[in-house]
Amino acid sequence: MNIVGVFEMLGADYETVSYGHDPASGLRCIIAVYSTALGPALGGTRFWPFESEDAALRDVLRLAKAMAYKASAAGLDLGGGKAVLIGDPRTMKTPDLLRAYGRTVERLGGAYVTTADVGTTSADMDVIAEATRFVTGTSSGSGDPSPVTAYGVWHGLKAVAEELWGDPSLAGKHVAVQGVGKVGAGVARHLAREGAVLTIADIDADATDVLAREVGAEVAAPTEIASIPCDIFSPCALGAVVNDISIPTMKCRAIAGAANNQLERPEHGKALDDAGILYAPDYVINAGGLINVEDELHGYDRERAHARAAAIGDRLRSVFARSRAAGIPPAAAADALAEERIRTAKRSFS
């Protein structure tokens with residue numbers, strides 16, 4: 001991509017995009033900072049074999065903006081940023097590469113604070129921390145954020161139930177969970193304990209079968225889970241599950257799950273609203289992981305992090321109330337809430 005194309009992609013919103021390279025270790029990374037108006041841009045490091053550098057750039061830009069909106073909507077004094085390491089973590093991840101990446105983060109002087117994401121772990125954050133001060137989610141800090149993410153999603157699902165049926169109880173409600181990795185499995189366990197009826201799906205058939213026996217769930221094919229009749233469809237795997245093809249096939253009352261970037265395009269929020277499907281904006285309901293690692297910046301307290309994640313239910317209720325009052329879809333209401341805090345913070349600098 002030529003430099004003109006990069007600036008066109010950035011638009012007027014992103015503050016910085018940094019490329020890091022260390023030939024000795026094989027490091028190739030991109031760090032995007034969308035905004036530091038509310039505070040340092042905290043976001044995960046994704047290690048992935050992108051098909052091209054252009055694809056990596058598009059992904060990191062999209063994710064950095066989403067992190068800014070997530071932090072703002074969650075009421076956190078954080079900006080939004082993200083990093084991608086280009087390559088296959090199964091074959092390329094080494095301590096030398098992680099330390100070289102840490103040095104790249106350090107050179108940004110705290111504008112960006114990293115944590116774990118797809119392809120990286122708390123153990124990787126320990127190695128990165130050897131080279132930079134600006135890292136959270138280490139094994140001696142807040143650790144794996146997945147349980148707190150799942151806990152927050154569960155509270156968000158209760159807010160969805162209250163919006164639809166006037167009662168936050170999920171007992172007897174049929175929830176279809178797509179993706180049963182660490183977060184999706186955690187969501188399913190919370191729902192099972194509350195007495196929800198579960199259908200689950202994942203590309204890992206063994207993991208699906210084990211969890212199904214544990215929580216008493218039915219199993220659906222990964223290609224069918226989004227279209228089965230249910231009360232709530234809960235995407236907890238990859239993004240872009242809400243799109244032109246899937247929306248006409250959906251037979252749910254609501255969509256609420258842990259996956260990032262569930263809408264393939266922004267206009268799909270209105271399409272869901274037009275279809276009579278309540279949407280819990282992803283970056284509001286799945287903010288528990290960010291809340292967890294942010295708490296580490298203040299000296300990690302597990303109970304405090306869980307209490308703040310539980311408040312995700314109240315934030316969703318506020319989004320739904322704003323949506324009703326303004327006559328706009330919940331996705332637009334959440335965007336307005338997030339943008340309002342960022343704009344206010346920017347004005348205070350001028």
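Which residues does asparagine 286 touch, not counting residues up to four places away in sequence? The tour of this predicted model opens with that question and then moves on to the sheet, several loops and the cysteines.

**Stop 1: asparagine 286**

Select asparagine 286, which is found in the loop between α10 (282–285) and α11 (288–296). Display next Lys70, Thr149, Val153, Gly257, Ala258, Ala259 and Asn260: asparagine 286 touches these residues, with those up to four places away in sequence not counted. The relative accessible area of asparagine 286 is 4%, so the residue is classed as buried, the limit being under 20%.

**Stop 2: helices α11 and α12**

Continue along the chain into α11 and add helix α12, residues 302–310. The two helices pack at an angle of about 150 degrees, and their axes are 9 Å apart. The crossing of α11 with α12 is right-handed. To view the contact itself, select Gly288, Ile291, Asn292, Glu294 and Asp295 on the α11 side, then Arg304, Ala305, Arg308 and Ala309 on the α12 side. Sorted by class, this contact comprises three nonpolar, two polar and four charged residues.

**Stop 3: the six-stranded sheet**

Switch to a cartoon view and find the open sheet of six strands, whose order is β8-β7-β6-β9-β10-β11 and whose pairing is parallel. At its edges are β8 (218–219) and β11 (278–279), each of which pairs on one side only. Strands of a sheet pair through backbone hydrogen bonds, in either a parallel or an antiparallel manner.

Now select β6 (residues 174–178) together with β9 (residues 232–235). How many bridges join these two strands? There are four, and the strands run parallel. For one residue pair to inspect, choose alanine 176, whose bridge partner in β9 is phenylalanine 233.

**Stop 4: glycine 172**

Move to glycine 172, in the loop between α6 (146–165) and β6. Is this glycine buried or exposed? Glycine 172 has a relative accessibility of 51% and therefore counts as exposed, for which the value must be over 50%. Leaving aside neighbours within four places in sequence, its contacts are Gly195, Ala196, Val197 and Asp231. For a distance across the model, select alanine 64 as well: the C-alpha atoms of glycine 172 and alanine 64 are separated by 38 Å, and the two residues are 108 residues apart along the chain.

**Stop 5: two residues with positive phi**

Select alanine 240 in the loop between β9 and β10 (254–255). Although alanine 240 is not a glycine, its phi is positive, at about 60 degrees. Alanine 240 is partly exposed, with a relative accessible area of 30%.

Then go to asparagine 261, which lies in the loop between β10 and α9 (268–274). Asparagine 261 is likewise not a glycine and has a positive phi of about 50 degrees. With a relative accessibility of 17%, asparagine 261 counts as buried.

**Stop 6: the cysteines**

Finally, display the cysteine sulfurs. The structure holds zero disulfides. Why does cysteine 236 form no bond with cysteine 230? The closest cysteine sulfur to that of cysteine 236 is in cysteine 230, 12 Å away, and this is too far for a bond because a disulfide requires sulfur atoms within 2.5 Å. Cysteine 236 counts as buried, at 12% relative accessibility. Cysteine 29 is also buried, with a relative accessible area of 1%.

How values were computed. Residues numbered from 1 in each chain as written. Predicted model: local features only at pLDDT ≥ 70, side-chain atom pairs only at ≥ 80, totals over all residues. Heavy atoms only, no water. Buried < 20%, exposed > 50% of the residue type's maximum accessible area, 1.4 Å probe, protein only. Contact = heavy atoms within 4.5 Å. Axes fitted to C-alpha atoms, helices over the stretch in contact; angles between N-to-C directions. Left-handed = near helix turned anticlockwise from the far one by under 90°. Nonpolar A, V, L, I, M, F, W, Y, C, P; charged D, E, K, R; others polar. Pairing = 2+ DSSP bridges.
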